[in-house]
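Good morning, and thank you for coming. I would like to speak briefly about charged pairs and helix packing, so please look at the chain as it comes up.

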Amino acid sequence: MTKKNILIVEDEPFLGLNIKQKIESFGFHVIAVVPSGDEAFQIVSEKVPDLILMDINLEGPLDGIDTAESLREQFSVPVLFLTGFLDDTAKQRIDLNPSYAYLMKPFTTDQLKVAVSSFTN
């Protein structure tokens, strides 16, 4: 069985590394951890992941939802948003797309594993 490839887009370096370690402990391969939508585009254009874990608040001009929408149009990659704050507008934007889901921070390792596994089975 080949390992599923996951891209992490998280603007807090420590948190990104922590998530990477957890994802790898679940048996997945993390392509990269990047802090911005621009860098996410660069990575995805080189190697399309099976899933993107995306923070909503990112470095640069695009937020995570804008980045996800642009990536979906070009590459059809599902996105699991990892966020500490979700207002009604953001929730509505996420709920409009069946290939999106979200997990509220702080989350447990088990919650992360269940959420990622629901996309990668």
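Let me begin with a question: does Glu24 count as buried, partly exposed or exposed, and what is its relative accessibility? In this model, which is a predicted one, Glu24 counts as partly exposed because its relative accessibility is 33%, and the partly exposed class lies between under 20% for buried and over 50% for exposed.

The partner of Glu24 is Lys20: the two form a salt bridge, with 3.0 Å between the closest N and O atoms. Both residues belong to helix α1, and because they are four residues apart there, about one helical turn separates them. Lys20 is likewise partly exposed, at a relative accessible area of 25%.

This pair belongs to a wider set. In general, side chains of opposite charge can pair when their charged atoms come close. Here the count of salt bridges comes to six.

I turn next to Glu10 and Lys105, whose side chains meet in a salt bridge at 2.9 Å, N to O. Glu10 sits in the loop between β1 (5-9) and α1 (13-25), while Lys105 sits in the loop between β5 (100-104) and α5 (109-120), so this salt bridge ties together parts that are 95 residues apart in sequence. As to accessibility, Glu10 and Lys105 are both buried.

Another salt bridge joins Arg93 to Asp66, with the closest N and O atoms 2.6 Å apart. Arg93 is in helix α4 (residues 88-95) and Asp66 in helix α3 (residues 64-75), and the pair therefore ties together parts that are 27 residues apart in sequence. Arg93 is partly exposed, with a relative accessible area of 24%; Asp66 is also partly exposed, at 28%. Returning to Glu10 and Lys105, I should add that salt bridges with shared partners join these two and Asp55 into one network.

My last topic is helix packing. At what angle do α1 and α5 pack? The angle is about 65 degrees, and the axes of the two helices are 10 Å apart. The crossing in which α1 passes α5 is right-handed. On the α1 side, the residues in contact are Ile19, Lys22 and Ile23, and they meet Thr109, Leu112 and Val116 of α5. By character, the residues of this contact divide into four nonpolar, one polar and one charged.

That concludes my presentation, and I welcome your questions.

Notes
Residues numbered from 1 in each chain as written. Predicted model: local features only at pLDDT ≥ 70, side-chain atom pairs only at ≥ 80, totals over all residues. Heavy atoms only, no water. Salt bridge = Lys/Arg side-chain N within 4 Å of Asp/Glu carboxyl O. Buried < 20%, exposed > 50% of the residue type's maximum accessible area, 1.4 Å probe, protein only. Axes fitted to C-alpha atoms, helices over the stretch in contact; angles between N-to-C directions. Left-handed = near helix turned anticlockwise from the far one by under 90°. Contact = heavy atoms within 4.5 Å. Nonpolar A, V, L, I, M, F, W, Y, C, P; charged D, E, K, R; others polar.
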